[in-house]
Amino acid sequence: MKIKRLEQMRESQRNYHRRCQWVMKDGLFIPHVYEESRRTALSWWDDVGFILGDRRVMVRWRHPRMVYEDETQERAWNQAGEPPQHDIFADFIPNYQQAGRSRKRIASYTQPTPQGELGAYYDKVDAITNTLRTDGIDFDVHASYRRERLSWSTSVHLVVPLEVRDEAELRVLADLGKRLLQGKTTLEQEFPGYRYGREQWLAECETMQEDLKLKV
């Protein structure tokens, strides 16, 4: 028995794909550029798209270390407490651009480095974050897969321990997302009993520092 709402969603996805064509490369929509000269040892997140049954699929991927890092930052903000009351918009400095012989217009805004109580608060958050990163936190990340239907595509949200540093590795990710959607595999088959926690985080810390040097 067909479900009317799902059929309408599928038709909406097909119509969107017909109206708005993707720029594809060998069957994939690749939104990011990979520079070999800045290739890091570790990767954190990525996106890739492909077509399945005349509908678009976007794979939204995060490595478990990304989830772990997000949790670390969340705990740092919680431990730092409430920020001081402050109107952040009052600090923005307008940048003007000549719009005629005697007129100027605002082209952009610059936010200066926070000072005073607000600056001290952000320093506190940074200090707590650095401590938590150095010591690690008690938090485990497991492989996960979630499918989300949107009006224009299907999103596959993946947390799996792959490295995605170039287009070849991106194709591995896309293939995994497709096989999961088609029911040809499961996360338990691909990553049986997988867990990322404090031990794995601390083991990678030195490599993370080396990777940071490539981004400077």
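Me: In which sense do β2 and β6 pair, and over how many bridges?

Reply: Strand pairing is read from the directions of two neighbours and the bridges between them. In this predicted model, β2 and β6 are parallel partners joined over 6 bridges. To take one pair of residues, Met-58 has Ser-155 in β6 as its bridge partner.

Me: Which strand is joined to β6 by antiparallel bridges?

Reply: That is β5, which is linked to β6 (residues 154-159) by 6 bridges, the two strands running antiparallel. Here Ser-155 in β6 is found opposite Glu-148.

Me: What is the pairing of β1 and β2?

Reply: β1 and β2 are antiparallel, with 8 bridges between them. One of the pairs sets Val-48 against Val-59 in β2. The two strands make a hairpin, and 2 residues lie between them. In that turn, Gly-53 has a positive phi of about 65°.

Me: What is the strand order of the whole sheet?

Reply: Read across the sheet, the order is β1-β2-β6-β5. This is an open sheet of 4 strands, and its pairing is mixed.

Me: Why is one side of β1 and of β5 left without a neighbour in the sheet?

Reply: β1 (45-52) and β5 (144-149) are at the edges and have a single partner strand each, so each keeps one side without a neighbour in the sheet. From one strand to the next, the twist averages 20°.

Me: Which helix packs on the sheet and touches β1, β2 and β6?

Reply: A helix on a sheet is described by the strands it touches and by an angle to one of them. Helix α2 (residues 64-80) is in contact with β1, β2 (55-62) and β6, and its direction makes about 60° with that of β2.

Me: Which strands does helix α4 lie across?

Reply: Helix α4 (residues 167-181) lies across β1, β2, β5 and β6. The angle at which α4 runs to β1 is about 55°.

Me: How many residues of β2 are buried?

Reply: Burial is read from relative accessible area, and a residue counts as buried under 20%. In β2, 6 of the 8 residues are buried, and the strand is mostly covered.

Me: Where is Asp-26 found?

Reply: Asp-26 is in the loop between α1 (4-19) and β1. Its phi is near 55°, a positive value in a residue other than glycine.

Me: Is Asp-26 buried or exposed?

Reply: The cut-off for exposed is over 50%. Asp-26 has a relative accessible area of 66%, so Asp-26 is exposed.

Technical notes
Residues are numbered from 1 along each chain as its sequence is written. This is a predicted model: local features need pLDDT of at least 70, side-chain atom pairs count only at pLDDT 80 or more; totals for chains, interfaces and linings use all residues. Side-chain values use heavy atoms; hydrogens and water are left out. Two strands pair if DSSP finds at least two bridges between them. Axes are lines fitted to C-alpha atoms, for helices over the stretch in contact, and angles run from 0 to 180 degrees between N-to-C directions. Contact means heavy atoms within 4.5 Å. Buried means under 20% relative accessible area, exposed over 50%, partly exposed in between (1.4 Å probe, protein chains only).
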